[in-house]
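Okay, thanks everyone, I'll keep this short. Have a look at the screen while I talk you through it.

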Amino acid sequence: MHTSFTVQAIDIAAFQPVTTFERRMETFLDTIKAAEPREPGARILFPGERAQAEQLRRTEAGIPVVAQTLDKLQAWADRLGVARLTRS
């Protein structure tokens, strides 16, 4: 498997005022979001939106951990003399 990518850092202020760029980007995003999704009931998401929502959910509800993994972590906490994890 071959993987490649390109990263660019652009100084927006060299081309236009940052506030103008931000306003134009908000309009662009709003326009895309207002489009009708291909699948009824689906949402149009931009890169990072799903991860941001998941981070918020996990911040509020906790991170799911398989019981077997949690048991192993508890055993390590006991061995190291640190506080055990709490189950929610």
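Let me start with a term I'll keep using: a residue is buried under 20% relative accessible area, exposed over 50%, and partly exposed in between. Take lysine 33: its relative accessible area is 32%, so it's partly exposed. Keep that one in mind, because we'll come back to lysine 33 and its 32% in a minute.

Now, a word on what you're looking at. This is a predicted model. The mean pLDDT is 93, and 99% of the residues reach 70 or more. If you go element by element, H1 has the highest mean pLDDT at 96, and helix H2, residues 49-61, has the lowest at 94.

So what's the secondary structure made of? It comes to 3 helices and 0 strands, and from the N terminus on the order is α-α-α. The radius of gyration is 22 Å, well over the 12 Å that the globule rule gives for 88 residues, so this thing is more spread out than a compact globule. In terms of a box along the principal axes, the C-alpha atoms fill roughly 60 × 40 × 35 Å. To give you a feel for distances, threonine 20 and arginine 50 are 30 residues apart along the chain, and their C-alpha atoms are separated by 27 Å. Threonine 20 sits in helix H1, residues 18-33.

How much of the protein counts as buried? Just 3% of the 88 residues. The accessible surface comes to about 8,500 Å², and 57% of that belongs to carbon and sulfur atoms.

Okay, salt bridges. The count comes to 4. Here's where lysine 33 comes back: glutamate 49 forms a salt bridge with it, with the closest N and O atoms 2.8 Å apart. Glutamate 49 is in helix H2 and lysine 33 is in helix H1, so this pair ties together parts that are 16 residues apart in sequence. Glutamate 49 is partly exposed too, at 23% relative accessibility.

Another one stays inside a single helix. Glutamate 54 pairs with arginine 57, closest N and O atoms 2.6 Å apart, and both lie in helix H2, 3 residues apart, about one turn of the helix. Glutamate 54 is partly exposed at 27%, and so is arginine 57 at 41%.

Then there's aspartate 78 with arginine 84, at 3.7 Å, N to O. Salt bridges that share partners also join Glu54, Arg57 and Arg58 into one network. Back to the aspartate 78 pair: aspartate 78 is partly exposed, at 46%, as is arginine 84, at 48%.

Let's stay around arginine 84 for the last bit. Which residues does glutamine 74 touch, leaving aside those up to four places away in sequence? Arg84 and Leu85. Glutamine 74 lies in helix H3, and at 4% relative accessibility it counts as buried, because the cut-off is under 20%.

Leucine 85 is in the segment after helix H3, residues 67-80, and it's partly exposed at 45%. On the surface, leucine 85 joins Ile63, Val65 and Leu73 in a nonpolar patch, with about 360 Å² of accessible area together. So leucine 85 touches buried glutamine 74 and also belongs to that nonpolar patch.

That's my tour. Happy to spin the model around if anyone wants another look.

Definitions and conventions: Residues are numbered from 1 along each chain as its sequence is written. This is a predicted model: local features need pLDDT of at least 70, side-chain atom pairs count only at pLDDT 80 or more; totals for chains, interfaces and linings use all residues. Side-chain values use heavy atoms; hydrogens and water are left out. Patches are made of residues with over 30% relative accessible area and no salt bridge: like charges are joined within 9 Å, nonpolar side chains (Val, Leu, Ile, Met, Phe, Trp, Tyr) within 5 Å. Accessible areas come from the Shrake-Rupley method with a 1.4 Å probe; for residues, only the protein chains shown count as cover. A salt bridge is a side-chain nitrogen of Lys or Arg within 4 Å of a carboxyl oxygen of Asp or Glu. Helices (H or I, at least four residues) and strands (E, at least two) are DSSP runs, numbered from the N terminus. Buried means under 20% relative accessible area, exposed over 50%, partly exposed in between (1.4 Å probe, protein chains only). pLDDT is the predictor's confidence in each residue, from 0 to 100. The radius of gyration is taken over C-alpha atoms; the globule rule is 2.2 Å times the number of residues to the power 0.38. Contact means heavy atoms within 4.5 Å.
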